[in-house]
Amino acid sequence: MSKMLEVSNLKKYFKTPSGMLHAVDDVSFDIEKGQTLGVVGESGCGKSTLGRTIMRLHAPTSGRVIFDGKESGSFKESAAEIKEHHKNMQMIFQDPYSSLNPRMSVSEIIAEPLINYHMYKNKEELWRQVYELMDTVGLARRLANAYPHELDGGRRQRIGVARALAVNPKFIVCDEPVSALDVSIQAQILNLMQDLQQQRSLTYMFITHNMSVVKHISDEIIVMYLGTVVECASSDDIFKDRLHPYTKALLDAIPVAEINNNRKERTLLKGEISSPINPKPGCRFAVRCPYAEEKCYNFTPELREVLPHHRVTCHYAEKINHLSVNHRED
């Protein structure tokens, strides 16, 4: 299977009065074609900034982004090349209301990318494509002349999905596309996205803070903390062998419906979150980690493979989890 996206040592810093804010700091990962990469972490960990930087809505501070064999950061490019880049990479935004133009009807919003990319021969074909997209995402055609404020959150998000699909992209960044929706509507949107992925061979980067959602939809998962990747593995491995203390805490926070469940004692995080502005050397999670030692405060851990295809940013991952290097008990 070939790679759709390769991200190497990507950094995005923002200048603030107090110094440089390290929103995304030395992040690397790959996404295979037709697969879904889940990106999880607390609010403020850099998930959305990572997605926007890959989309080139933010200019990267440094690092490489190779999309479908072409280095996107290498465009010292013309407007036409940037436009083609955005045609192949689309984004579904978190808020299904603020991301839509309130002055445009449903059909006009969906038609806009088709018009911008001249993907129709005449008006008749344009509106045929619009109605087909509405059918694809489950929007009734009677809503074609409705406006976003007249619709509920689920229908608004379906408009966002239809707009992203309009130009036949290869890759879609989904920035918490279901976080603002009711649980029942979340399930409908997630199932729709999975069906579309199979039908159109789409590749997703799915950003969320909901661990239950990411398990449902992802093939691979990266866990972010203060701009860095702390753990990276397949979805099954993350939920089976959570190696980083932060990942353990995230998974322990998932609600359990059973009253008399046999869950072991949960990992509770204590302490203040470190500042992402001019961070000092050392593990950024150390001040909240129950296993931190002196080395953690002075030396920055590298993302390394602890189990096969399972990488973690922790000096003492083997010790904490009682593992032998490159050994796994099935």
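A charge is taken to sit over a ring if NZ of Lys or CZ of Arg is within 6 Å of the ring centre and within 35 degrees of the ring normal. Lys319 lies over the face of Tyr316 in this sense, at 5.6 Å from the ring centre. The model is predicted. It holds four aromatic pairs, and the points below cover two of them along with charges over rings and two individual residues.

**Aromatic pair Phe67–Phe171**

- The structure holds four aromatic pairs, one of which joins Phe67 and Phe171, with ring centres 6.2 Å apart.
- The planes of these two rings meet at 50°, so the pair is classed as tilted.
- Distant parts of the chain are linked by this pair, since Phe67 belongs to strand β4 (residues 62-67) and Phe171 to strand β7 (residues 171-175), 104 residues apart.
- Phe67 has a relative accessible area of 7% and is therefore buried.
- Phe171 also counts as buried, because its relative accessibility is 0%.

**Aromatic pair Tyr225–Phe285 and its cluster**

- The ring centres of Tyr225 and Phe285 are 5.1 Å apart, and their planes stand at 85°, so this pair is edge-to-face.
- Tyr225 is in strand β9 (residues 220-225), while Phe285 is in the loop between α9 (245-252) and α10 (294-298), so the pair ties together parts that lie 60 residues apart in sequence.
- Tyr225 is buried, at a relative accessible area of 1%.
- Phe285 is buried as well, at 2%.
- One aromatic cluster is formed by Tyr225, Tyr246 and Phe285.

**Charges over rings**

- The charged end of Lys215 is placed over the ring of Phe239, 5.0 Å from the centre of that ring.
- For Lys319 and the ring of Tyr316, the corresponding distance is 5.6 Å.

**Arg103**

- Arg103 is located in the loop between β6 (89-92) and α3 (106-116).
- With a relative accessible area of 74%, Arg103 is exposed.
- Apart from neighbours within four places in sequence, Arg103 contacts Glu108 and Tyr147.
- Tyr147 is 44 residues from Arg103 along the chain, yet their C-alpha atoms are separated by 7.4 Å.

**Gln186**

- Gln186 is part of helix α6 (residues 183-200).
- Its relative accessible area is 13%, and the residue is buried because the cut-off for that class is under 20%.
- Beyond neighbours within four places in sequence, Gln186 is in contact with Val178, Ser179, Leu181, Asn210 and Val213.

Methods:
Residues numbered from 1 in each chain as written. Predicted model: local features only at pLDDT ≥ 70, side-chain atom pairs only at ≥ 80, totals over all residues. Heavy atoms only, no water. Helix = DSSP H or I, 4+ residues; strand = E, 2+ residues; numbered from the N terminus. Buried < 20%, exposed > 50% of the residue type's maximum accessible area, 1.4 Å probe, protein only. Contact = heavy atoms within 4.5 Å. Phe/Tyr/Trp six-rings, centres within 6.5 Å; stacked < 30°, edge-to-face > 60°.
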